[in-house]
Amino acid sequence: MAKLQIRIDGDPILRKKSRRVEAFDDDLLQLIDDMYDTMYEADGVGLAAVQIGKLKRLIVLDDYEETKLVLINPERVAEEGSCEAMEGCLSVPERMGRVKRFEKIKINYTDEKGKEKTLEAEDFLARIIQHEMDHLEGILYTDRADEMYNVDKSREGDEEQ
């Protein structure tokens, strides 16, 4: 297991579309483990492979409540409602933004064993999934944000404009 370098806004790879994962092998499982290590080290709730420089349609996430998932080749098949909330991103340090997302989504994806699955998510989990799926298309949350804020790290969690 290894902590990988997270690419920061301005790195051109973050604006590229990721490619489908075709090989479900030991290399993929190692990448997934490394992505989880990297995400946890950075105190994140989600990480797309492109954020560590791999153009693969692969996401790891953990909402720290009850859901820890690996989403491979995810596709949104339905959405419902609308809600607005603050978001941050490991690739956009010390910034947060107010972003409108669907309140509920339904996706099809493949797990790390190659099994096809369907997931219905709402609220925070749906927000994480939509944010990470945007990364797979080369979209950052800053592209969708209505308002952006600088985060003063010395005040841990407070926002300032």
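**Entry 1: the β6–β7 hairpin**

I started with the hairpin that β6 and β7 form, and I found five residues between the two strands. I looked at the turn itself and noted that G114 has a positive phi of about 90 degrees there. I should say early on that I am reading a predicted model.

Next I asked myself how many bridges join β6 to β7. I found seven, with the strands running antiparallel, and I wrote down residues 116–122 for β7. To have a marker along the pair, I looked up N108 and saw that N108 stands opposite T118 in β7.

**Entry 2: the other partner of β6**

I then turned to strand β3, residues 68–80, and its pairing with β6, residues 104–110. The two strands pair in the antiparallel sense, over six bridges. N108 is a handy marker here as well: I found E75 opposite N108 in β6. So that I could keep my bearings, I noted the pair of neighbours together: N108 has E75 opposite, and T118 of β7 opposite too.

**Entry 3: a pocket by these strands**

Which residues line the second largest pocket? I listed A78, E79, E80, K104, I105, K106, E120, A121 and E122. The elements that give two or more residues to this lining are β3, β6 and β7, the strands I had just been following. For the space in this pocket, I noted about 150 Å³.

**Entry 4: helix α1**

I moved on to α1, which covers residues 26–41 and has 16 residues. From its first C-alpha to its last, I read a reach of 23 Å, close to the 22 Å expected at 1.5 Å a residue.

What caps the N-terminal end of α1? I found D25 doing this, with a side-chain oxygen 3.3 Å from the backbone nitrogen of D27.

I also checked which α1 residues are buried, and my list reads L28, L31, I32, D34, M35, Y36, T38 and M39. Among the elements that cover these buried residues I noted β1 (46–48), β2 (58–62) and β3. I was pleased to meet β3 again, as this strand also pairs with β6.

**Entry 5: two aspartates with positive phi**

Just after α1 I stopped at D43, where phi is positive at about 60 degrees. I noted this as a positive value in a residue other than glycine. D43 is found in the loop between α1 and β1. Is D43 buried or exposed? I read 67% relative accessibility, so D43 counts as exposed.

D123 gave me another case, with phi near 55 degrees, again positive in a residue other than glycine. I placed D123 in helix α2, residues 123–136. D123 counts as partly exposed because its relative accessibility is 40%.

**Entry 6: H135**

My last stop was H135, which I also placed in helix α2. I read 0% relative accessibility for H135, and therefore wrote it down as buried. What does H135 touch, not counting residues up to four places away in sequence? I found K16, A48, V50, Q51, C89 and L140.

Key
Residues are numbered from 1 along each chain as its sequence is written. This is a predicted model: local features need pLDDT of at least 70, side-chain atom pairs count only at pLDDT 80 or more; totals for chains, interfaces and linings use all residues. Side-chain values use heavy atoms; hydrogens and water are left out. Two strands pair if DSSP finds at least two bridges between them. Helices (H or I, at least four residues) and strands (E, at least two) are DSSP runs, numbered from the N terminus. The expected span of a helix is 1.5 Å times one less than its number of residues. Buried means under 20% relative accessible area, exposed over 50%, partly exposed in between (1.4 Å probe, protein chains only). Contact means heavy atoms within 4.5 Å. A polar contact is a pair of N or O atoms within 3.5 Å; within protein, one must be able to donate a hydrogen and the other to accept it, and residues adjacent in sequence count only if both atoms are side-chain atoms. On a 1 Å grid over the protein atoms alone, a cavity is a set of points where a 1.4 Å probe fits but cannot get out, and a pocket is an open set with protein on both sides within 12 Å along at least five of seven lines; lining residues have an atom within 4 Å of a point. Grid points are joined across faces, edges and corners, and a volume is the space filled by probe spheres set on the points.
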